[in-house]
Amino acid sequence: MKNNLSNVLLPLATLSLASCAGQQKEEPKRPNIIFMMTDDHTTQAMSCYGGNLLQTPNMDRIANEGIRMDNCYAVNALSGPSRACVLTGKFSHENGFTDNASTFNGDQQTFPKLLQQAGYQTAMIGKWGVGGPATEGTPNKMGFGTYYGCICQRQAHTYYPPFLWQNDRRVYLDNELLPPGTPLDAGADPYDPRSYDKYTQRTYSPDAMYDQVLEFVNANKERPFFLMWTTPIPHSPMQAPDADVQYYVRKFGDEQPIEGKGYFPSRWPRATYAAMITYFDRQIGGLVAELKRLGIWENTVIVITSDNGPASNSCSSSEWFDSAHPFRSGKGWGKSSLREGGIRMPFIVAWGGKLRPQVSDHVGYFPDVMPTLCELAGVEPPATDGISFLPALEGRRQPQHEYLYWEFPGSKGWVAVRWGEWKGLLRRVKEGNDRFELFNLSDDPREEHDLAAQHPEIIDRMWQFVSASHTEPANPKFRMEVGRK
């Protein structure tokens, strides 16, 4: 597949300070790296990807000043395994992290460990989700010198928790425990906004996390740092500052309230979802302003992506927003599936003024993050399942994946392969199904026209890729028999 990123990086002479003739040039400083990951976020929720319902001016500005990648994939359909893949550069079935109940073991190699060993100050702020408290897989054991946020996935199921974690200790907030799933009071009018007062408390956890983001950046302005900012936004439940919600109520009009089973009720779920994303976008704008104030914006690499596609749960408005557009949205087509809407992610890279603005059709996925960021930092990465895409950023010849491969043991078992414009999809693996569906993504990005019967030779090729890629997870819970019968 053609890559249109030729000659993207400005001449390297601009990256260092040239001295007088005959004198040695000053070596450029190693770049700071900020990797931002949202939760259940999609391209349609960003104006720069064509969304027209939400306002994301700061993400749009970063995309317009950098590189927007339109063919970047998560390696899994759920949060925890996607994050584990980013950190290790390994497929889910190889790093042992195949669902949200998995956890890292203590000797797992991660790129934050490598950057830390190379002198980078490292921090993660936000949702961890790849190892609970008191396990071997906590952030400080995986290469982060500083951690602040919600370690456990379930702790992130309220935006007003009673505490967050700072490294290995709890930091209590001025909120009371309100368990997710708490319904409206008996007899409360679901159309009366006052019925929802108990779901809004004093400290909105993304505010507390953002304060830590700014504190870390200020504390390390004189030395190279790596910050992984993993906001829980816009994962359910629907909770956002009221001023932002009311902006979208005026824009969208009135709507039906939801019970939010398993999470919390919401008077205006669509407006609140939009408000959460606009709120995070405003935080990004504040961070960029701070980087510029500190004089380190030009030497800071920014990455913005998400962990998986849009959810379809009791809080979801994914079909109303057409959240996975241009792919299909709704149950079975987003999160927890290997459909394009479940794994094709927004992916934006900016680097001060060093990158010429481009839209890239380079095909890559999350295993590529580890070798890319290691190369940026001048660190030799271990063997991974990824290929560094730094050459694409620098305008050099970019090596390509022959194919991309996915396995997901949830939702009755899925396998997927992308080979050029072809996508092979094997569903219901745990029920014994071995019939690949085949889609041409160039003509059919919504995966609506199965061409398997017309191209048996391509199906044969898909099975060859499966044979070359499939390995049995160490944990038998996550195994599924993958093979042609």
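This briefing walks through some strands, a helix, ring pairs and cysteines of the structure above. The model is predicted, so local features are described only where pLDDT is at least 70. Across the whole structure, a search turns up 27 aromatic pairs, while the number of disulfides is 0. Strand E3 is a good place to begin, since it is bridged to both E4 and E7.

**Strands E3, E4, E5 and E7**

- Strand E3 covers residues 121-127 and runs parallel to E4, with 5 bridges joining the two.
- Within that pairing, Met124 stands opposite Tyr147 of E4, and Gly126 stands opposite Gly149 of E4.
- E3 is also joined to strand E7 (residues 225-230) by 6 bridges, and these two strands run parallel as well.
- If you would like a residue to look for there, Thr122 has Phe226 in E7 as its bridge partner.
- E4 is joined to E5 by 2 bridges, and here the strands run antiparallel.
- Tyr148 stands opposite Gln166 of E5 in this arrangement.
- Of the 7 residues of E3, 6 are buried, so the strand is largely enclosed by the rest of the structure.
- E4 is largely enclosed too, because 4 of its 5 residues are buried.

**Aromatic rings around E5**

- Tyr160 and Tyr204 make up one aromatic pair, with 5.5 Å from centre to centre and 45 degrees between the planes, which is a tilted arrangement.
- These two tyrosines are 44 residues apart, so to speak of a link between distant parts of the chain is fair: Tyr160 is in the loop between strand E4 (146-150) and strand E5 (163-166), and Tyr204 is in the loop between strand E6 (169-172) and helix H5 (205-219).
- Both partners are buried: the relative accessible area is 6% for Tyr160 and 4% for Tyr204.
- Phe163 and Trp165 form another pair; their ring centres are 6.2 Å apart and their planes meet at 80 degrees, so this pair is edge-to-face.
- Phe163 has a relative accessible area of 15% and is buried, and Trp165 counts as buried at 12%.
- Phe163 has a charged neighbour as well: the charged end of Arg170 sits over its ring, 4.1 Å from the centre.

**Other rings to look for**

- A cluster linked by ring pairs brings together Tyr247, Tyr248, Phe252, Tyr273, Trp320 and Phe321.
- Elsewhere, Arg68 lies over the face of Tyr49, at 4.9 Å from the ring centre.

**Cysteines without a disulfide**

- What keeps company with Cys150, and at what distance is the nearest cysteine sulfur? That sulfur belongs to Cys152 and is 8.7 Å away, and Cys150 is in no disulfide.
- A disulfide needs two cysteine sulfur atoms within 2.5 Å, so a separation of 8.7 Å does not qualify.
- Cys152 is likewise in no disulfide, and its nearest cysteine sulfur is that of Cys150.
- The surroundings of the two can be compared through their accessibility: Cys150 counts as buried at 2%, whereas Cys152 counts as partly exposed at 32%.

**Helix H7**

- Helix H7 takes in residues 269-294, which is 26 residues.
- At 1.5 Å a residue, a helix of this length should span 38 Å, and the end C-alpha atoms of H7 are 38 Å apart, so expectation and model agree.
- H7 is mostly covered, with 20 of its 26 residues buried.
- Right after H7 comes Gly295, which has a positive phi near 80 degrees.
- Tyr273, a member of the ring cluster described above, falls within the residue range of H7.

**Asn76 in its loop**

- Is Asn76 buried or exposed? Asn76 counts as buried, with a relative accessibility of 0%.
- Asn76 belongs to the loop between strand E2 (67-73) and helix H2 (79-88).
- The side chain of Asn76 reaches the backbone nitrogen of Leu78, at 3.1 Å.

Definitions and conventions:
Residues are numbered from 1 along each chain as its sequence is written. Side-chain values use heavy atoms; hydrogens and water are left out. Rings of Phe, Tyr and Trp (its six-membered ring) pair if their centres lie within 6.5 Å; planes under 30 degrees apart count as stacked, over 60 as edge-to-face and the rest as tilted. Buried means under 20% relative accessible area, exposed over 50%, partly exposed in between (1.4 Å probe, protein chains only). A charge sits over a ring if NZ of Lys or CZ of Arg is within 6 Å of the ring centre and within 35 degrees of the ring normal. Two strands pair if DSSP finds at least two bridges between them. The expected span of a helix is 1.5 Å times one less than its number of residues. A polar contact is a pair of N or O atoms within 3.5 Å; within protein, one must be able to donate a hydrogen and the other to accept it, and residues adjacent in sequence count only if both atoms are side-chain atoms.
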